[in-house]
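These are my notebook entries on a structure I went through element by element. I wanted to put down what I looked up, entry by entry.

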Amino acid sequence: MGEELKKPVRGTAEWAVATVDCGLGCPHGCRYCYARAKQVDRLRLVSAADWPTFRIDAGAVQRRYPLYPGQVMFPAHHDIVPENLAACRTVLINLLAVGNRVLVVSKPHRHCIEALCRELQRFRRQILFRFTITARDDGILSFWEPQAPGYAERRASLALAFNQGFATSVSVEPMLDSDDVVAMVHDLLPVVSHSIWIGRMNRIGERVLCDSTEMAREIERIERQQDDARIWEIYRQLRDLPAIRWKESIKTVVGLAPAAEPGLDL
Ligand code: SF4
């Protein structure tokens with residue numbers, strides 16, 4: 001069964017009333033990974049050594065999912081990668097076939113998105129793709145998200161879904177290059193039909209292992225680039241664009257009210 005989300009409305013609750021996964025682990029190796037922090041460090045569901053290898057939860061793949069009372073997010077604690085594409089496709093069909101609206105979140109591999117667009121075409125109106133695109137600079141991406149696709153592949157995946165008539169959106173959370181975020185938003189807008197969410201890197205001290213001087217420099221850069229003054233500057237430059245949405249980490253800085261209930265995606 002999917003994980004029912006409770007208030008307060010932050011994180012995935014801003015987007016969905018429930019989250020569904022079909023396994024444990026992720027090969028993308030993001031250094032800020034909230035899922036690894038939760039499932040490895042806190043819940044000890046999987047060892048640190050095993051985390052980079054995805055392991056399928058066969059029960060989750062075969063489950064008969066209910067019709068949730070709002071948008072469901074899939075996946076939430078792993079990604080859709082070539083190694084688990086078949087399992088992810090099965091879960092998506094199981095969710096969609098009973099009428100759910102599904103938010104598909106990924107650092108997209110083009111091959112996976114091509115397959116999903118082709119095979120889920122009949123459910124097109126129930127699907128919202130949200131691709132995590134945290135920077136345009138591939139040097140920054142390969143440092144923070146070493147095994148995830150680069151910018152060109154993520155943007156191409158977004159364009160592919162958009163051109164196939166799917167609703168498309170972007171998550172710029174965490175911002176990895178906030179000096180470039182305004183320009184990146186304008187580069188992505190032509191292939192976004194729904195929204196672009198922007199958020200800070202949260203709980204850096206707790207989730208990011210500072211294991212080198214390079215890492216310390218990068219953490220310092222991220223913190224400097226997401227201080228309140230910089231957040232205000234980004235907010236002023238982007239607030240009039242109808243597609244822009246602010247995560248709770250930014251709402252608290254600029255004085256916007258938090259989401260009133262889970263899953264509004266507003
Ligand atoms: S893609 Fe998501 S689940 Fe995978 S390592 Fe990155 S943050 Fe973690």
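Does Arg203 count as buried or exposed, going by its C-beta neighbours inside 10 Å? I note first that I am working with a predicted model. Arg203 has 11 C-beta neighbours inside 10 Å and therefore counts as exposed, the cut-off for that class being 12 or fewer.

Entry on backbone angles. I looked up phi for Arg203 and found a positive value of about 45 degrees, although Arg203 is not a glycine. I placed Arg203 in the loop between strand S9 (195-198) and helix H8 (204-207). I then turned to Arg44, where phi is near 50 degrees, again positive in a residue other than glycine. Arg44 sits in the loop between helix H1 (34-42) and strand S4 (55-56), and with 9 other C-beta atoms within 10 Å Arg44 is exposed. I wrote these down because most residues other than glycine have a negative phi, and most peptide bonds are trans.

Entry on peptide bonds. I checked the bond from Phe74 to Pro75 and found it cis, with omega near -15 degrees; Pro75 belongs to the loop between S5 and H3. Glu173 and Pro174 are likewise joined by a cis peptide bond, for which omega is about 5 degrees, and Pro174 lies in the loop between strand S8 (167-172) and helix H7 (181-188).

Entry on the nonpolar core. Phe74 came up again here, since the largest nonpolar core, of 61 residues, has Val72, Phe74, Leu95, Val102 and Leu103 as the residues with the most contacts inside it. H3 gives the most to this core, namely five residues.

Entry on Pro82. I located Pro82 in the loop between strand S5 (72-74) and helix H3 (85-97), and I record Pro82 as exposed because 11 C-beta neighbours lie inside 10 Å. Leaving out residues up to four places away in sequence, I found that Pro82 touches His109, His111 and Cys112. I also looked up Pro82 against Arg110: these two are 28 residues apart in sequence, while their C-alpha atoms are 9.7 Å apart in space.

Entry on the helix pair. Arg110 led me on to helix H4 (residues 110-119), which packs with helix H6 (residues 151-163) at an angle of about 10 degrees, the axes being 9 Å apart. As angles under 35 degrees count as roughly parallel, H4 and H6 are therefore roughly parallel to each other. I listed Arg110, Ile113, Glu114 and Cys117 on the H4 side, meeting Glu153, Ala156, Ser157, Leu160 and Ala161 in H6. By class, the residues of this contact divide into five nonpolar, one polar and three charged.

Entry on the ligand. Which residues are around the ligand? I found Cys26, His28, Gly29, Cys30, Cys33, Ala35, Arg36, His78, Asp79, Lys107, Glu145 and Ala148. This shell has five nonpolar, three polar and four charged residues.

Entry on Glu206. I closed with helix H8, in which Glu206 lies. Glu206 has 10 C-beta neighbours inside 10 Å and so counts as exposed. For its distance to Arg221, 15 residues apart along the chain, I noted a C-alpha separation of 17 Å.

Key: Residues are numbered from 1 along each chain as its sequence is written. This is a predicted model: local features need pLDDT of at least 70, side-chain atom pairs count only at pLDDT 80 or more; totals for chains, interfaces and linings use all residues. Axes are lines fitted to C-alpha atoms, for helices over the stretch in contact, and angles run from 0 to 180 degrees between N-to-C directions. Helices (H or I, at least four residues) and strands (E, at least two) are DSSP runs, numbered from the N terminus. Angles under 35 degrees count as roughly parallel, over 145 as roughly antiparallel, 65 to 115 as roughly perpendicular and the rest as oblique. Two residues are in contact if their C-beta atoms, placed from the backbone, lie within 7 Å. Ala, Val, Leu, Ile, Met, Phe, Trp, Tyr, Cys and Pro count as nonpolar, Asp, Glu, Lys and Arg as charged, and the others, Gly among them, as polar. A residue is near a molecule or strand if its C-beta atom, placed from the backbone, lies within 6 Å of it. A residue is buried if 20 or more other C-beta atoms lie within 10 Å of its own, exposed if 12 or fewer, and partly exposed in between; C-beta atoms are placed from the backbone. A nonpolar core is a set of buried Ala, Val, Leu, Ile, Met, Phe, Trp, Tyr and Cys residues joined through C-beta atoms within 7 Å.
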